Amino acid sequence: MPQEVEIRRKLRDDFLHYAERCLFIRTKAGKVEPLKLNKAQRYIHERLEEQRRKTGKIRAVLLKGRQQGASTYTEGRFYWRVSHRKGVRAFILTHEADSTSALFEMAERYHENCPVLVKPSTGASNAKELIFDKLDSGYKVGTAGNKSVGRGNTLQLFHGSEVGFWPHAAEHAKGIMQAIPDEPGTEVLLESTANGIGNYFHQQWQKAEAGESEYQAIFVPWYWQDEYRKPVPDGFCATPDEEELKALYGLDDNQIMFRRFKIAELSADGEDGESAFKQEYPFTAAEAFQVSGEDTLIRPETVVKARNTKCLGSGPLKIGVDPSRYGDDRTSIIRRRNRAAFSLKSYAKRSTMEVAGIVHSIIREEKPAQVAVDVGGLGAGVLDRLIELGHGDIVVAVNFGGSALNPEKYRNKRAEMWGEMRDWLSGDMPTMVPDSDSLHSDLCAPRYSFDSNTRLVLESKEQMRKRGVRSPDEGDALALTFAEPVVIRESDTPIENPVGDNTAGY
């Protein structure tokens, strides 16, 4: 009948329509009810569908807090896909056996409660696999403890669950990840809470966040969950730090009370409950991966505030250029007028002449008062070419390891620029930076210490790489705008940047 055909078509093509009618879950209260997507799940869905429309496939790295429904959404999405299409195989790989069983039980519940109209015929099935015989499609789960799990399969849908905790992540990347063809209609979602830095999940997150892979980076903050709230007792009073969090993230007292409760709960046996909360229930991606927030030069909250600020930048235009070194890192360029940094752009695998050409065009079009270039690595060639093009009066060579203008306070030039940038960000006056996750991560990445002369020492790029953190190219580019003061010439007419230009361009 035409009406039934239309109903089937709608259920096949519209996941949101299908989910609330055909997918049933066991709630935290123990009841079996239709799946109604929460804010986090809807956000994940929108991001995935946007990528699918643009590229024909899905490749995503998802960072989230505890129990926000990412797995529930993904298993529902995959069940929908395999139960409506021929020859589609889904594989879910978890970090431990209990999680494997729990996710397969979820899939079985979806199947058991699926309306007859769209419920596929089941062939062979066991404790880890559902086979839909007439469709030649299937749904299978495995545990990451087995290095060879999933090898030899050809898959269209893959969900890596809690990837940050996989014991043999590199082996799985060589094995099961190679079983997914680079074809339209395929989907790969790597999902996890943070588990420190330097592991496979953190590496994949960094690449996705920086635009260095085909994966998109998706972050879900904890405070989107309606249930993450606690009643406020009589006499409740938020601390100054809590008031700042309320202002930054739009929290109410019930959410602050939930945070207090969890920090106390996570502080058992002498643990640092506040640091544990940041990992398990992060406000930002940068915060989630910070194992020790006390020794990072720039605090995540400081950057969040600047990302959410809109202000007019006046005064001379300064541009920071951090050329890629040996082609491995990003070439990053950013503009700053006094309190406002804007128009961040990053490029991958550009030659010396290409970078010089990009900067040459910027100088001609925007007429900056100063262009500071890191002359380490390929930067010297970029600087020489810019001077050759007639820009010697505005380009400034910056040697990160060179002497600071204030050698009694800073070990070297790079430490000085980052120290001045930190003071700029954390000062009393409002500051604006591009609303960019990758810049945010870069700014919060380097650690610091003090030498025997109490001078600030900034962690080097080489030291950061050893602990698994990418080179903070975008952060270095912004720091370069603090390299030297600008001598204002009569031709330097102050021009205000647009208030809305608080975005990153790639």
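At what angle do helix H1 (residues 2–13) and helix H2 (residues 15–22) pack? The angle is about 105°, and the two axes lie 6 Å apart. H1 is therefore roughly perpendicular to H2, since angles of 65 to 115 degrees count as such. This is a predicted model.

The H1 side of this contact is made by Lys10, Leu11 and Asp13. They meet Phe15, His17, Tyr18, Arg21 and Cys22 in H2. By class, the contact residues are four nonpolar, one polar and three charged.

**Overall dimensions**

The protein has 18 helices and 18 strands. Its C-alpha atoms fill a box of roughly 80 × 60 × 45 Å along the principal axes. The radius of gyration is 26 Å; a compact globule of 506 residues would have one near 23 Å, which agrees.

**The eight-stranded sheet**

Eight strands form an open sheet with mixed pairing. Their order is S5-S6-S7-S4-S8-S9-S3-S10. Strand S5 (125–126) and strand S10 (216–220) are the edge strands, and each pairs on one side only. Strand S3 (residues 58–64) runs parallel to S10, and five bridges join the two. Within this pair, leucine 63 in S3 stands opposite phenylalanine 219 in S10.

Two helices that pack on the sheet are H4 and H5. Helix H4 spans residues 70–82 and touches S3, strand S4 (89–94), strand S6 (129–132), strand S7 (137–143), strand S8 (157–161) and strand S9 (187–192). Its direction makes about 165° with that of S8. Helix H5 spans residues 97–112 and touches S4, S5, S6, S7 and S8. The direction of H5 makes about 160° with that of S7.

**H3 against H4**

H4 also meets helix H3 (residues 39–55). Their axes come within 9 Å and cross at roughly 45°. H3 and H4 are therefore oblique to each other. The crossing is right-handed. On the H3 side, the residues are Gln41, Ile44, His45, Leu48, Glu49 and Arg52. On the H4 side, they are Ala70, Thr72, Tyr73 and Arg77. This contact divides into four nonpolar, three polar and three charged residues.

The two helix pairs, side by side:

| Helix pair | Angle | Axes | Contact residues |
|---|---|---|---|
| H1 and H2 | about 105° | 6 Å apart | four nonpolar, one polar, three charged |
| H3 and H4 | roughly 45° | within 9 Å | four nonpolar, three polar, three charged |

Definitions and conventions:
Residues are numbered from 1 along each chain as its sequence is written. This is a predicted model: local features need pLDDT of at least 70, side-chain atom pairs count only at pLDDT 80 or more; totals for chains, interfaces and linings use all residues. Side-chain values use heavy atoms; hydrogens and water are left out. Two strands pair if DSSP finds at least two bridges between them. Contact means heavy atoms within 4.5 Å. Axes are lines fitted to C-alpha atoms, for helices over the stretch in contact, and angles run from 0 to 180 degrees between N-to-C directions. Angles under 35 degrees count as roughly parallel, over 145 as roughly antiparallel, 65 to 115 as roughly perpendicular and the rest as oblique. Ala, Val, Leu, Ile, Met, Phe, Trp, Tyr, Cys and Pro count as nonpolar, Asp, Glu, Lys and Arg as charged, and the others, Gly among them, as polar. A crossing is left-handed if the near helix is turned anticlockwise from the far one by less than a right angle, and right-handed if clockwise. The radius of gyration is taken over C-alpha atoms; the globule rule is 2.2 Å times the number of residues to the power 0.38.
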